[in-house]
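Visitor: I should like to take a close look at one part of this structure, the open sheet of parallel strands in chain A. Please describe how that sheet is put together and what surrounds it.

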Amino acid sequence: MSKYMIVGNSAAAIGAIEGIRTVDKQDKITVISQEPYLCYSRPLISYFLAGKISGEKLYYRGKEFYEKNKVNLYLGSRAVKVNSREKNIELEDGACIPYQKLLIATGSRPAVPPVKGLGKDGQHFFYSLSDVYSLRDNIKGRERAVVIGGGLIGLKAAEALLLCGLKVTVIERSPYLLSSILNEKASRLLEERIQSSGIRLVLGNSVKEVIGDARVEGVTLEDGEEIDCSILVLAAGVKPNTEILEGIDAAIGTGIQVNRRLETSLENIYAAGDVAEAETLLTKEKKVIPIWPSAYCQGLVAGKNMAGIDRECDEEFPRNSISFFGLNIITAGLLEMGDKGKEITSIDSQNSTYQRILMENDRVTGMIKIGEVNQAGIITWLIKNKVPANSFKELLKRKCFNPIHLPLSVREKLYREEGARR
Amino acid sequence: MTKKMKIELREEYCVGCGLCEVYCRVAHSQSRDIIKTFKKERWTVEPRVSLVIEKPLSFPLQCQHCEDAPCVKACITGAMYKNELELTLCDEDKCVGCFTCIMECPFGAIKIKENNPSLPLKCDFCFEADEPFCVLHCPNGALTLKEKIIKNVDESLNDSIAQVKTEEVDTDE
């Protein structure tokens, strides 16, 4: 019997395997995953579709990873239910597999937007490798694509489709792009870059209906405009896959609720990654933060706890690093500030660079950097460690803000604690 | 446990001469010769450390090869990794230039390559050299080589069972 059971096989699962193996090199680990692939880096699917990387480069760890870590891998199997009293999980085919320690790392799935006429041939999600394989086959000979959603996934899909030679229109309900991580000013810089690439943006509007019989032929927008397309990509956010713990008294909000040890409300069951809802650093709310680095880190800590050593996960906060058509964007922390907040902005629209730092009560709470992103990590560190920043806040205006601008005591703390941090 | 080397920065000794940058270029040039590097290769080889000056202070921003490196943990491709000497290195074949590492590095020690802005650039400890060029050529001991002890697993384990397992792990490889 496997001591450790992991449902899911993406960043959190890999983190957990590595976490378990820092402590326990012997006991068996079983991974059950619905997807038929070895762990691949989900954010890379757009690079793959665009032909920027080969399929081989999608793998997050080498192919020998599972063998090296003594992992029994069951791919293409869906776990449907956890019997927490009997301590086993039930697969789709009815088989029950016992566990001692269980990690739910089932991730999330794309949300379906409220649009009439969905389900036609030519409609795709842009979330998994399977999505990309079918999209790649389906775009052959097609000319026009519409992407619903101007968030991270939608824009990456649009960029890749354009590079595949299609004419692409992105339709976003908000008045500006990436509205979950950018303010309007920053978003306009991105908008310029994307528009100059040839992608058409329709903002502040949404798709009412998909036109066509069996196959997508176009979409009708709320304002009545019709746009021809034969490919439709749905990128309207994601939704945690919590079902496996539903109906058995697990605490579930948007995601499966966990404490800082990644324990769920049920004994011996942990959750990590996009499916988990944990207390966040800056607002202290319980939230799902569906980003790759958090998933890996949560998995790592969950794994260590599962293997019997007591570890707490750092509280997470949103952060993203992404680029579109060569325009680099890094954001971290909060997007909005309270009444007492202060905004420190520097802008150079000629060079498409923009930086906005948010401060509240002496602490840095948010960062947006566009164009020039070098040394963004020091701001991330200030946010993460809630470093009092009043004494050097004027210097935060500089785009090259770096450790030399910190007071000596803070810099000493940085070099002492980070370089050797465990 | 294994002993590994670490470059230690003592900013009070840095005179801002920039020889760390100069010799970093040399170390990563084809010729490994200072004259040839600067006369022939200067525009193709970039330094992996960045001297910053804020008078009267100066020091190079340089990878600390953190034990628990945030850039490695956050890397979306697995390109950023720890080698057997615990050095933090970037596998350029795997990297797609998302710059999550730059978002994470608290030292500002990873930067976008100027010659190829879809890749990051960072200290590689002069290909595992005994003494990296920046240390070798720092004229005032601002960069020195220090031995550090690396443990393979979590220290400060608090229960004895885990303690036993730690020792097993240590002797395992």
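Guide: The account below begins with the sheet and then turns to its surroundings. The model is a predicted one.

The sheet in question is open and has five strands, all in chain A, arranged in the order β3-β2-β1-β7-β19 with parallel pairing. At its edges stand β3 (71-75) and β19 (269-271) of chain A; each has a single partner strand, so one side of each is left without a neighbour in the sheet. On average, and with direction ignored, neighbouring strands are turned by 15° against each other.

Consider next how individual strands are joined. Between β1(A) and β2(A) there are four bridges, and the pairing is parallel. One point of reference here is Ile6(A), whose bridge partner in β2(A) is Val31(A). Toward the other edge, strand β7 (residues 101-104) of chain A is joined to β19(A) by three bridges, and these two strands run parallel. Within that pair, Ala271(A) of β19(A) stands opposite Ile104(A).

Strand β2(A) deserves a closer view. Five of its five residues are buried, and the strand is described as mostly covered. In a regular strand, side chains alternate between the two faces of the sheet. In β2(A), Ile29(A), Val31(A) and Ser33(A) point one way, while Thr30(A) and Ile32(A) point the other way. Residues pointing either way from this strand are buried.

Two helices lie across the sheet. Helix α1 (residues 11-23) of chain A lies across β1 (4-7), β2 (29-33), β3 and β7 of chain A. The angle between helix α1 and β1(A) is about 165°. Helix α7 (residues 292-306) of chain A lies across β1, β7 and β19 of chain A, and runs at about 170° to β7(A).

The nonpolar residues can now be added to the picture. The largest nonpolar core has 104 residues; those touching the most other members are Ile6(A), Val82(A), Ile89(A), Ile104(A), Leu190(A) and Leu245(A). Two names from the strand pairs return in this list, Ile6(A) and Ile104(A). Ile89(A) shows what such a position involves. With its neighbours within four places in sequence left aside, Ile89(A) is in contact with a set of residues that includes Met5(A), Val7(A) and Ile32(A), as well as Ala79(A), Val82(A), Ile97(A) and Leu102(A). A second core is separate and consists of 61 residues, among them Ile379(A) and Phe401(A) from chain A and Phe99(B) and Ile102(B) from chain B.

Chain B leads to the interface. There, 54 residues of chain A are in contact with 51 residues of chain B. The two chains bury about 4,400 Å² between them, with 54% of this area on carbon and sulfur atoms. Three salt bridges are counted between chain A and chain B. Arg319(A) and Glu104(B) form a salt bridge in which the closest N and O atoms are 2.6 Å apart.

Over all chains, the count of salt bridges is 28. One of them joins Glu243(A) to Arg109(A), with 2.6 Å between the closest N and O atoms. This pair links distant parts of the chain: Glu243(A) belongs to the loop between β17 (238-240) and β18 (256-257) of chain A, whereas Arg109(A) belongs to strand β8 (residues 108-110) of chain A, 134 residues apart. Glu243(A) counts as partly exposed because its relative accessibility is 34%. Arg109(A), at 30%, is likewise partly exposed. In chain B, a salt bridge brings together the side chains of Lys73(B) and Asp68(B), at 3.4 Å from N to O. Here Lys73(B) counts as buried, with 17% relative accessibility, and Asp68(B) is buried too, at 14%. Salt bridges with shared partners also join Arg260(A), Arg261(A), Asp310(A) and Glu312(A) into one network.

Finally, another sheet of chain A may be set beside the one requested. Three strands form this open sheet in the order β13-β14-β15, and the pairing is antiparallel. Its edge strands are β13 (207-211) and β15 (226-228) of chain A, each with a single partner strand. From one strand to the next the twist averages 20°. Four bridges join β13(A) to strand β14 (residues 218-221) of chain A, and Val207(A) has Leu221(A) as its bridge partner in β14(A).

Technical notes
Residues numbered from 1 in each chain as written. Chains lettered and ligands numbered in written order. Predicted model: local features only at pLDDT ≥ 70, side-chain atom pairs only at ≥ 80, totals over all residues. Heavy atoms only, no water. Core = buried A, V, L, I, M, F, W, Y, C linked by side-chain atoms within 4.5 Å. Buried < 20%, exposed > 50% of the residue type's maximum accessible area, 1.4 Å probe, protein only. Contact = heavy atoms within 4.5 Å. Pairing = 2+ DSSP bridges. Axes fitted to C-alpha atoms, helices over the stretch in contact; angles between N-to-C directions. Buried area = accessible area lost by both parts, 1.4 Å probe. Salt bridge = Lys/Arg side-chain N within 4 Å of Asp/Glu carboxyl O.
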